[in-house]
Amino acid sequence: MLFSRLDTAIALAKKESAALAAIDARLQSFVAGYLIVDIISEFEKRLEAIFALRAKKLGDVPNANFVAKMLDRKFRSPDFGKINGMLKDHDAAFLTAFEARLATSKCNSAMANLMLNRHYYVHKDGSPTMSLQDIEHEYKEAVKLFDALAHALGLAAADCAHFS
């Protein structure tokens, strides 16, 4: 699944990282913090949108509207516990398919690392542990959850093509 805006932001940060460090090393930390918060924010919106899309595909407009409203802010600070719980609440088979799709990935730990660092930048709790290179690596691993989620919910790539 594509995240064009995030991909562009990460590529730009990576390209300009040496220039940022030459000005002031703290600039890299500021950019890292922005990227982490932006990544998680986009993930929150995309998670809600995928579950809402699944409800919409059922063709019951009032129910789809209700589900979309109930999903609002459901995935603030998204973690695998919330995603797994939502899948299990729908159908245990969804959770099984999701977990099987991610069985060989490091997606769960990548999300945990991004969330831990997001917590620092948002709440000033703990300390940052990720460089721009780490962010790029963990992001590339974490986005795998979206294809796995779409697959588990029975959504085709064409269903999700409008996400970018």
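**Helices, loops and a pocket in a predicted model**

Ser41 counts as partly exposed, since its relative accessible area is 27%. That residue belongs to a model that is predicted, and Ser41 has its place in helix H2. Ser41 can also be set against a residue much further along the chain: Ala150 comes 109 residues away in sequence, and the two C-alpha atoms are separated by 19 Å.

Another residue of helix H2 is Leu53. Here the relative accessibility is 14%, so Leu53 counts as buried, the limit for that label being under 20%. What does Leu53 touch, once its neighbours within four places in sequence are left aside? The list runs to Leu155, Asp159, Cys160, His162 and Phe163. Gly126 is another story: Leu53 and Gly126 are 73 residues apart along the chain, and their C-alpha atoms are separated by 36 Å.

Over in helix H6 sits Met115. Met115 is buried too, because its relative accessibility of 14% is under the 20% limit. Take Met115 together with Ile36, and the pair turns out to be 79 residues apart in sequence but 8.1 Å apart in space, going from C-alpha to C-alpha. Setting aside neighbours within four places in sequence, Met115 is in contact with Ile40, Ser77 and Pro78.

Ser77, one of those partners of Met115, deserves a look of its own. Where in the chain is Ser77? It is in the loop that runs between helix H3 (61-71) and helix H4 (80-90). Most residues other than glycine have a negative phi. Ser77 is not a glycine, yet it has a positive phi of about 55°. With 26% relative accessibility, Ser77 counts as partly exposed.

Lys124 does a similar thing with its backbone: although it is not a glycine, it has a positive phi of about 55°. The loop in this case is the one between helix H6 (107-123) and H7. Is Lys124 buried or exposed? Its relative accessibility is 56%, and because that is over 50%, Lys124 counts as exposed.

The loop holding Lys124 leads on to H7, and H7 is where Glu136 is found. Glu136 is a charged residue, and with a relative accessible area of 15% it is buried. Apart from its neighbours within four places in sequence, Glu136 is in contact with Ile10 and Lys14.

Next comes the way H7 meets H8. How do the axes of helix H7 (residues 132-142) and helix H8 (residues 144-152) cross? They come within 4 Å of each other, and the crossing angle is roughly 5°. Angles under 35 degrees count as roughly parallel, so H7 is roughly parallel to H8. On the H7 side the contact is made by Lys140, Glu141 and Ala142, and on the H8 side by Lys144, Leu145 and Phe146. Sorted by type, the residues of this contact are three nonpolar and three charged, with no polar ones.

H8 has plenty of buried residues to show: Leu145, Phe146, Ala148, Leu149, Ala150 and Ala152. Which helices do these buried residues pack against? The answer is H2, H4, helix H5 (92-101), H6 and H7. Two of the buried residues, Leu145 and Phe146, have already come up in the contact with H7, and Ala150 was the partner in the distance given for Ser41. After H8 comes Gly154, and its phi is positive, near 80°.

Last up is the empty space. Rolling a probe the size of a water molecule over the atoms shows where such space is left. The largest pocket holds about 150 Å³ of it. Its lining is made by Phe51, Arg54, Ala55, Leu58, Asn63, Val67, Met70, Leu71, Lys74, Met86 and His90. Helix H2 (25-56), H3 and H4 are the elements that each give two or more residues to this lining. Which of the helices gives the most? That is H3, with four residues. As for chemistry, the lining of the largest pocket divides into seven nonpolar residues, two polar and two charged.

Conventions. Residues are numbered from 1 along each chain as its sequence is written. This is a predicted model: local features need pLDDT of at least 70, side-chain atom pairs count only at pLDDT 80 or more; totals for chains, interfaces and linings use all residues. Side-chain values use heavy atoms; hydrogens and water are left out. Axes are lines fitted to C-alpha atoms, for helices over the stretch in contact, and angles run from 0 to 180 degrees between N-to-C directions. Angles under 35 degrees count as roughly parallel, over 145 as roughly antiparallel, 65 to 115 as roughly perpendicular and the rest as oblique. Contact means heavy atoms within 4.5 Å. Buried means under 20% relative accessible area, exposed over 50%, partly exposed in between (1.4 Å probe, protein chains only). On a 1 Å grid over the protein atoms alone, a cavity is a set of points where a 1.4 Å probe fits but cannot get out, and a pocket is an open set with protein on both sides within 12 Å along at least five of seven lines; lining residues have an atom within 4 Å of a point. Grid points are joined across faces, edges and corners, and a volume is the space filled by probe spheres set on the points.
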